[in-house]
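Here is a short briefing on how the chains of this model pair up. Please keep the structure open beside the text as you read.

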There are 4 protein chains.
Amino acid sequence: MIVILKKNPDQQQLDRLRSWLEERHIAIHPTVGVNQTIWGLVGDTSHLDINLIASLDIVDDVKRVQEPYKNANRKFHPADTVVKVGSTTVGGGSLTLIAGPCSVESEEQICTIAQQVKASGATMLRGGAFKPRTSPYSFQGLRNEGIRLLSIAKKVTGLPIVTEIMDASQLDCFDDVDVIQVGARNMQNFELLKVLGELRKPILLKRGLSATYEELLMSAEYIMAGGNENVILCERGVRTFETYTRNTMDVTAVPVLKQLSHLPVLVDPSHAAGKYKLVPPLAKAALAAGADGLIIEVHNDPEHALCDGPQSLRPEVFDKLAGDLRAIHELVHR
Amino acid sequence: MIVILKKNPDQQQLDRLRSWLEERHIAIHPTVGVNQTIWGLVGDTSHLDINLIASLDIVDDVKRVQEPYKNANRKFHPADTVVKVGSTTVGGGSLTLIAGPCSVESEEQICTIAQQVKASGATMLRGGAFKPRTSPYSFQGLRNEGIRLLSIAKKVTGLPIVTEIMDASQLDCFDDVDVIQVGARNMQNFELLKVLGELRKPILLKRGLSATYEELLMSAEYIMAGGNENVILCERGVRTFETYTRNTMDVTAVPVLKQLSHLPVLVDPSHAAGKYKLVPPLAKAALAAGADGLIIEVHNDPEHALCDGPQSLRPEVFDKLAGDLRAIHELVHR
Amino acid sequence: MIVILKKNPDQQQLDRLRSWLEERHIAIHPTVGVNQTIWGLVGDTSHLDINLIASLDIVDDVKRVQEPYKNANRKFHPADTVVKVGSTTVGGGSLTLIAGPCSVESEEQICTIAQQVKASGATMLRGGAFKPRTSPYSFQGLRNEGIRLLSIAKKVTGLPIVTEIMDASQLDCFDDVDVIQVGARNMQNFELLKVLGELRKPILLKRGLSATYEELLMSAEYIMAGGNENVILCERGVRTFETYTRNTMDVTAVPVLKQLSHLPVLVDPSHAAGKYKLVPPLAKAALAAGADGLIIEVHNDPEHALCDGPQSLRPEVFDKLAGDLRAIHELVHR
Amino acid sequence: MIVILKKNPDQQQLDRLRSWLEERHIAIHPTVGVNQTIWGLVGDTSHLDINLIASLDIVDDVKRVQEPYKNANRKFHPADTVVKVGSTTVGGGSLTLIAGPCSVESEEQICTIAQQVKASGATMLRGGAFKPRTSPYSFQGLRNEGIRLLSIAKKVTGLPIVTEIMDASQLDCFDDVDVIQVGARNMQNFELLKVLGELRKPILLKRGLSATYEELLMSAEYIMAGGNENVILCERGVRTFETYTRNTMDVTAVPVLKQLSHLPVLVDPSHAAGKYKLVPPLAKAALAAGADGLIIEVHNDPEHALCDGPQSLRPEVFDKLAGDLRAIHELVHR
């Protein structure tokens, strides 16, 4: 940690800061410049409150020089983490394709889609049971019943299932779920993260709408600090000033997260764009940037003759896309 | 709702959309332009999924013309909501000053501050017991014990107490709490909002770091849909590209929220700025813009000889500020 | 255009708006709903000031249903524009690779790099002569002399040259320049755009740091309205809250701009990321998303023994990357 | 400047960096920590390219500890700058009220408004002659003729006039203009800033839509580096994800800019909000936060019976507001 002192600081306050640091076994290496004095702090600074020091009258600025996350940090764990999910793996060079509908609606719906996406090469099945909805008047998902239907589709196809948890109290329903998803809006629901840290089941952690890379990694750290190292990171678009798409997919997150951390990184182009026509180019871009896989909404809708969901691909479009994705993945990893 | 059709739409798909809408008792008023045909939809469109329609091949765009919130909407409730908290009120022309430390640390600390801020004119006491912290390695608050200490300070001073809940499972500890705060990171923790909607206790709902005005009001709607009409909105800074301050206080939120909704609006300048020197000018700005009050961190720290919290005022600074704030409030409401 | 009226509007104001519109040969198609009346406006609404109407007391909101750009709009020009630059072309399925140093420094430097990037497959040479710098104390480029050196490199290699203009008064120096670049900070320098519209030379128009897709296309429209149809769009990163990278490359801009407009779309991953290690994954992502090509900084630095520029690749890294890029481009266009 | 080295850096590269710095007369003060070595650089680091050093393989990060602006920096000029404009002044405790229409339309219009706003207490007259418009099809202002009409209004009322320049080539028309405005879109039009730096006339510099505080001050520095110290800063809203208002007025800019710099700070609430009903609360908030004054659009429109501009106040509303503003200003400065 580096402390930049103001010019002509009050000597008494300076002495107080010095003793306060020394009590905490922090050594001070001063650099005296023409306009400014800098203190380099040596020792375990991870427990120092940077804001506390920054607030002192004699201090101009404080800068941290070490990442505040450890378990998720590639510096301390150089090798890629590979997360096992049933007989498939996430990370380490394999291509993960998670596909399925936005919401689980019926046994027939979920089983049909599951079979279709499996045939196209999906490695896991996704489907919303507990649905976070902006409006209290919108359909909130089939909840427990949705998970029961996912389990049936899992039995039928053998695909591991991924679904979202919204509150720790729902955990009882998740016994048969293979990967528990934490949604963007819950990325900093720290009480939930702590509970998930006590499990050993894989957690798919989605980046919050305005979360920095460091904050996403700190949320992963919450889970890992509890002992659960099976964390899969997921970029799903951040909020910007552009309103043409629902969010702006941050493809740079892929190489950056893989550089800073050893955890696998997936991308969800469906939620990022909110428009199904943008899903294929964005999915290809994510893999070209080095993502370990994708989560894609696929919807088969024989009931409503009307239309697909706004961000969902039809199974035949997914089938073609999956082929393209395998080719790109191969090319990037050759 | 308005549906903008593509030029030369497929007739069969058009007929399907028409029947689908008519099944839902929606009348269609077409406007045929040179380059585009627009359908005005008349009827109860609040249950139509705007994204679903937008995803159709024949549709160029869909625009909602009504706000999706009802209980929180000033159009349907023109008069200001006034929330009663103990013997004080929030909204309706009174000035609410909530003050107290970032974290409750000890009985002596919280009682001393409570007495000081009361003497300066604070109408409620705040203090963190359950603390949402970005890092799992940071102090997570005194939790239950913190609330017990707040209760003591309440008994001593008579000030109603405000503190944050992080998970519905903590609710048992909140019996003696007068106003339950929902933090910015939990603004879209919908399961928590539903539980709070079943109470009749005032809820202080903080705006999320990248939440729109409409999303904040939809989260208020979640609570109100459950029957709890005692919702107090709170602006606490949004995330922008500027890094000099922790967040950017959006003072425009004050007149806009008061125009769109009948709920009271408070502002938290301490968390928005993250630098205590900015608190006085921002607090004054918030009141000048018409806010119903403020939440301000005040810290009295005889133990650590070192320093105040980075965003906390000393009691004597708060005392002076409170005087200025009363003058501005009077001037705005004269 | 759609006008959403307030409930119970003042009849006199309503009549005034009606006559004002009728004077402008706009027909009104009303849709009367339960809570709101909507007017669909039919006629040439492109000259109506949307903000003017929105400001009326009787109006709740106004929504445009047509894009405000015409020349740049794919709706009116379905076929891809292909821009000819010397013997090469931009758009229409070819792969454009523009490479070269951040700044032109000397004849030897620019000629060496030009030969190297040509050997690796670059189709044009870039190099900064007039340099927009945030600080008045930073090196402002070799200016006229820089363009003279670029011309020499052009003669030596046959590569067309691309360089940035900062002010219309510099135009005299650009006679030998093949593509004139408008930088992100000048995207809305409308006086400059007007002057460039009078030329017939290709213009490479970079997206502003916080410009929407529509604003970028409106700036293209400025140039095209003057008669210059040779506009090449360029995504170079937008400003977000993330500070790890200089800007956030918006890969979604690629498919969206190609859908909305017939103009070619390039991407500049070097400036977006600001870190050369991120350039290869981002360059691949851009092509996978369908970009017509890339602008990449390549720096050969035998003079300063020290280092490359922060966002520049070494020629040997560019050489390897160019091969990967050709493979991705082929795969996307197969 | 602080250089944070990677763990186990290559010794040869380290030596090269050391000699490179020493050649530039920079002394190195190392701080050796457990996981990292930090170099504090002492000497004139203002000419070192921070990005260049950051790009080295052996470097983890580089942090600047000094602001890159000097002339605009309060550290080197503690006293407030007071800019003289005719017989009035900007800064130093006086209240500046600049009012007038968005665009100059006719002699009658501008003279009538000028007299009205003068009667209400405005200290300067504003009016757009050269208009930056997003669309090439929108009215581009009366240009030279507009400035001629402003001059007439100046003669009639004695009010100094403020109007925007869009290109250095227009400077000839600005002889009678008292304050030259640089619009948000031109804040980083460095060629224009350089030309304005050669004048001694006051420059009103508006903050760009996504400019940081530091970037605004660096643009002021461009003007001041040329010798023109009469720079007035102006906050006019930044771009965020919120679409209800045109931009988001950043009221925090006021106390921060006044702390970092000695230059006067004005606020333009009309352009920030884009909705005239929001102008009064935002104007009051800006003054309460310590702004030296405001620029407000006032529109008197007897010709178009229809309506005011969307962001313009009527003279009678401005008159009432001006009274409130004087009261707030007095209260803040008492």
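**How the chains meet**

B:Glu215 forms a salt bridge with A:Arg239, their closest N and O atoms lying 2.7 Å apart; a salt bridge here is a side-chain nitrogen of Lys or Arg within 4 Å of a carboxyl oxygen of Asp or Glu. This is a predicted model, in which local features need pLDDT of at least 70 and side-chain atom pairs count only at pLDDT 80 or more, while totals for chains, interfaces and linings use all residues; side-chain values use heavy atoms, with hydrogens and water left out. Residues are numbered from 1 along each chain as its sequence is written, and chains are lettered from A and ligands numbered from 1 in the order in which they are written.

**Polar and charged links between chains B and A**

- Between chain B and chain A the count is four salt bridges.
- There are also 21 residue pairs in polar contact between chain B and chain A, both residues being at pLDDT 80 or more. A polar contact is a pair of N or O atoms within 3.5 Å; within protein, one must be able to donate a hydrogen and the other to accept it, and residues adjacent in sequence count only if both atoms are side-chain atoms.

**The side of chain B that touches chain A**

- Helix 1 (11-23), helix 2 (50-54), helix 5 (190-197) and helix 6 (213-225) of chain B are the elements that give two or more residues to this side. Helices (H or I, at least four residues) are DSSP runs, numbered from the N terminus.
- Helix 6 of chain B gives the most, with five residues.
- By type, the residues on this side of chain B divide into 20 nonpolar, 14 polar and 14 charged. Ala, Val, Leu, Ile, Met, Phe, Trp, Tyr, Cys and Pro count as nonpolar, Asp, Glu, Lys and Arg as charged, and the others, Gly among them, as polar.

**Extent of the contact**

- Chain B and chain A each bring 48 residues to the contact, where contact means heavy atoms within 4.5 Å.
- About 4,500 Å² is buried between chain B and chain A, and carbon and sulfur atoms give 53% of that area. Buried area is the accessible area (1.4 Å probe) that two parts lose on being put together, summed over both.

**Symmetry**

- A turn of 180° and a shift of 0.0 Å along the axis lay chain B on chain A with an RMSD of 0.0 Å, copies being superposed by least squares on the C-alpha atoms of residues with pLDDT of at least 70 in both. That is the relation of a two-fold axis.
- In chain B, the C-alpha nearest the axis belongs to B:Ser210, 3.1 Å from it.
- Because 100% of the interface residues of chain B are also interface residues in chain A, the copies meet through the same surface.
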